[in-house]
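Please open the model in your viewer, keep the selection panel at hand, and follow the stops below in order.

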Amino acid sequence: MISPSRLITPWHDALAAAAIIDLADVQVGSGPPELPPFPVIGIGTRDRGWADSVDVLVPGISEAMAICDACERHPEPARVLVQLLRMIERLPPSGALVAESLAFGLLQAGADHRRWLAARKPQPVQPPGELHMSRTGDSLALVIDRPDARNGIDRAMRDALRQAFDIAVLDDEVCAVTLRAVGRTFSTGADLAEFGTTLDPVAAHAIRMQTLPAHALARCGHKLAVHVHGACIGSGLEMAAFAGHVTASVQAWFQLPELSMGLIPGAGGCVSLVGRIGRQETARLVLTGRRISARDGLAIGLVDALVDDDGSG
């Protein structure tokens, strides 16, 4: 924990894990600081000076320390994340998606992610799923169907989603798109068995630019309504956050676990979540890696409405 007066440049400790400042100590009328290249966690309320400038705003020291601990365990992705989110606020979605992919590729080649790849248990290969697509008039209905893999998004599912959202972009007669999933969960995110299959980060960036559904979602998200039930993790949440309207069952929960993998959200989530809940709440979700309930998601704007369904999708 440091005094706000120490947030000055040049930075002699640029490799620090994080800094915590008490916003009550900020002098009235002092201008916002130029933030260092690592997370700055502010303790206080929205009416305090610098409240809009810090990377994460929390109410008390306990959460600030928990975030700081996570940054100490995974300093590389934590630093890259906050620097990227600061940029994204000033970029159009198309440019922000490029910046996110470049940052993700940087971390793919980093020591933290390599350690995660080396330590993880072998992942069983699950059969590919299907994306059911039907059209009624000007409406397009999409259903993710890979319940045996908890609706994990493999390459085939990713490509099918990109093609479907491309239709929504290119066909002006499509005015509404819905996305749901079958089974007990909405999606547990990217298929972990496919992590590390493209070792060249330059090639991986080219693949993301060509195939990620996010590039189409950024252009048609206003047409999209998503319903979430059960777990909504990683890239499943990243996609859902692009939607103009998100409903969730009361039993649904959300999580972004990428920091523990030495990464940041790389399926468009840094862009979609900043657009939906803002830079600070996005950083808070990623840096804590915590699960949040549907009701907590409603409180921060991640969800627009709760639906008392049976959770079957």
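Axes here are lines fitted to C-alpha atoms, for helices over the stretch in contact, and angles run from 0 to 180 degrees between N-to-C directions. Helices (H or I, at least four residues) and strands (E, at least two) are DSSP runs, numbered from the N terminus. This is a predicted model, in which local features need pLDDT of at least 70 and side-chain atom pairs count only at pLDDT 80 or more, while totals for chains, interfaces and linings use all residues. Residues are numbered from 1 along each chain as its sequence is written, and side-chain values use heavy atoms, with hydrogens and water left out.

Select residues 75-88, helix 2, together with residues 279-288, helix 10: their axes come within 10 Å and cross at roughly 165°. That makes the two helices roughly antiparallel (angles over 145 degrees).

Now show side chains: Ala78, Leu81, Val82, Leu85 and Arg86 of helix 2 meet Arg279, Thr282, Ala283, Val286 and Leu287 of helix 10, where contact means heavy atoms within 4.5 Å.

Next, select residues 269-277, helix 9, of whose 9 residues 8 are buried (under 20% relative accessible area, 1.4 Å probe, protein chains only). The buried residues of helix 9 pack against several elements, including helix 2, helix 10 and strand 9 (245-249). Just after helix 9 comes Gly278, with a positive phi near 95°.

Finally, select Ala181, which lies in strand 6 (residues 176-181) and is buried, with a relative accessible area of 1%. Add His227, which is 46 residues from Ala181 in sequence but 8.1 Å away in space, C-alpha to C-alpha.

Terms used:
Buried < 20%, exposed > 50% of the residue type's maximum accessible area, 1.4 Å probe, protein only. Parallel < 35°, antiparallel > 145°, perpendicular 65-115°, else oblique.
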